[in-house]
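Work through the exercises below with the sequence and the model side by side. Try each task before reading its solution.

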Amino acid sequence: MILSVQGVSKSFGGLQAVRDASLDVEEGRIVSLIGPNGAGKTTLFALITGFHKPDAGVVLFNGADITGEAPERIATLGMVRTFQIVQPFAGQTVRDNIAVGAHLHRASRREALAKAEDVARQVGLADRLDQDAASLTVAGRKRLEVAKALATDPKLILLDEVMAGLNPTEVRDVIPIITRIRDNGVTIVLIEHVMQAVMSLSEHSWVLNQGEIIANGPPAEIARDPAVIEAYLGHGMAARIAEGTGHA
Ligand SMILES: Nc1ncnc2c1ncn2[C@@H]1O[C@H](COP(=O)(O)OP(=O)(O)OP(=O)(O)O)[C@@H](O)[C@H]1O
């Protein structure tokens, strides 16, 4: 297992945001975390990547205990997350923004910029490298977020709603980019509400509800689970998934 989360919990004051969550991710997979707003998905990402310390439980990355390590240290080991709300460094080009990530393993400016160009090609931003990052559309900013993470040479990348706010055409265009990242050897964990993307990309999903994992399995299977339909999908979405359309 590249990632093993064992019995992780986190409370904020009186609110239990994540309760006794466990999941195992095999190397080379694309898997997903789904569930209603406020279920604890982003908190679980933060617990895995060192942005929050768990109250209980253990996180293993490639078999090594990284529980409570700092995000920078975890990134150096090869695991990074993206953020839902994307704020590019204003007044800086796309190239410079991506290069920030590339500096994790590269001291030289020249090498970091070369890596930024390479990554920009992978996410379809090669023709935007000299543009001010703040001028990118939502779809462009989402790609920039993926590029910044990829520039750190990760072995595992956790993508937090990279399709939120995209139109169906933009979603369709991002799907093969994510598949290619995996084909290049990066394991991927997605948080995603766009079920069309979950269905076509991920091989296994975990469903969080009120901080607890209530189901896991292949997405087509969990879409038939009454508890998942009740807590998250609703009957309309479940029916559309069964028909194979799966549009949100
Ligand atoms: N730093 C924090 N301090 C206090 N409460 C928090 C904090 N972070 C998250 N929460 C609360 O924990 C719960 C889980 O939030 P979280 O953002 O993890 O959910 P989510 O599943 O990612 O939701 P969404 O799909 O809306 O992003 C929510 O009730 C949220 O308000």
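**Exercise 1. The ligand shell**

Which residues are around the ligand?

Solution. First, note the conventions. This is a predicted model, in which local features need pLDDT of at least 70, side-chain atom pairs count only at pLDDT 80 or more, and totals for chains, interfaces and linings use all residues. Residues are numbered from 1 along each chain as its sequence is written.

Next, apply the cut-off: a residue is near a molecule if its C-beta atom, placed from the backbone, lies within 6 Å of it. The residues around the ligand are then Phe12, Leu15, Ala17, Gly35, Asn37, Gly38, Ala39, Gly40, Lys41, Thr42 and Thr43.

Then assign them to elements. Helices (H or I, at least four residues) and strands (E, at least two) are DSSP runs, numbered from the N terminus. Two or more shell residues come from each of β2 (15-25) and α1 (41-48). The most come from α1, which gives three.

Last, sort by type. Ala, Val, Leu, Ile, Met, Phe, Trp, Tyr, Cys and Pro count as nonpolar, Asp, Glu, Lys and Arg as charged, and the others, Gly among them, as polar. The shell divides into four nonpolar, six polar and one charged residue.

**Exercise 2. Helix α1**

How many residues of α1 are buried?

Solution. A residue is buried if 20 or more other C-beta atoms lie within 10 Å of its own, exposed if 12 or fewer, and partly exposed in between, with C-beta atoms placed from the backbone. By this count, eight of the eight residues of α1 are buried. They are Lys41, Thr42, Thr43, Leu44, Phe45, Ala46, Leu47 and Ile48. After the helix comes glycine 50, with a positive phi near 90°.

**Exercise 3. Helix α6**

Compare the expected span of α6 with the span in the model, then find which residues of the helix are buried.

Solution. The expected span is 1.5 Å times one less than the number of residues. For the 16 residues of α6 (residues 168-183) this gives 22 Å, and the end C-alpha atoms are 23 Å apart, which agrees.

The buried residues of α6 include Val171, Val174, Ile178 and Ile181. Seen down the helix axis, the buried residues of α6 fall within an arc of 75° (taken from the directions from the axis to the C-beta atoms), so they line one face. An α-helix has 3.6 residues a turn, so residues three or four places apart point the same way.

On the face turned away from the buried side are the exposed residues Thr169, Arg180 and Asp183. The cover over the buried residues of α6 includes β3 (30-34), α4 (109-123), α5 (138-150), β8 (187-191) and α7 (195-201). Glycine 185 follows α6 and has a positive phi, near 105°.

**Exercise 4. Positive phi outside glycine**

Where is aspartate 153, and what is its phi?

Solution. Most residues other than glycine have a negative phi. Aspartate 153 has a positive one, near 55°. It is placed in the loop between α5 and β7 (156-160). Aspartate 153 is partly exposed, with 17 other C-beta atoms within 10 Å.

Aspartate 20 can be treated in the same steps. Its phi is positive, about 50°, although it is not a glycine. Aspartate 20 is in strand β2, and is partly exposed, with 14 other C-beta atoms within 10 Å.

**Exercise 5. Buried or exposed?**

Is methionine 79 buried or exposed?

Solution. Methionine 79 is in strand β6 (residues 79-81). It has 26 other C-beta atoms within 10 Å, so it is buried. Contact means that two C-beta atoms, placed from the backbone, lie within 7 Å. Leaving aside neighbours within four places in sequence, methionine 79 is in contact with Thr49, Phe61, Ile74, Pro154, Lys155 and Leu156.

Valine 59 lies in strand β4 (residues 56-61) and is buried, with 22 C-beta neighbours inside 10 Å. With the same neighbours in sequence left aside, its contacts are Val5, Val8, Leu47, Ile48, Ile66 and Thr67.

Glutamate 72, in helix α2 (residues 71-77), is exposed, with 9 other C-beta atoms within 10 Å. Glutamate 72 and leucine 104 are 32 residues apart in sequence, and their C-alpha atoms are 8.7 Å apart.
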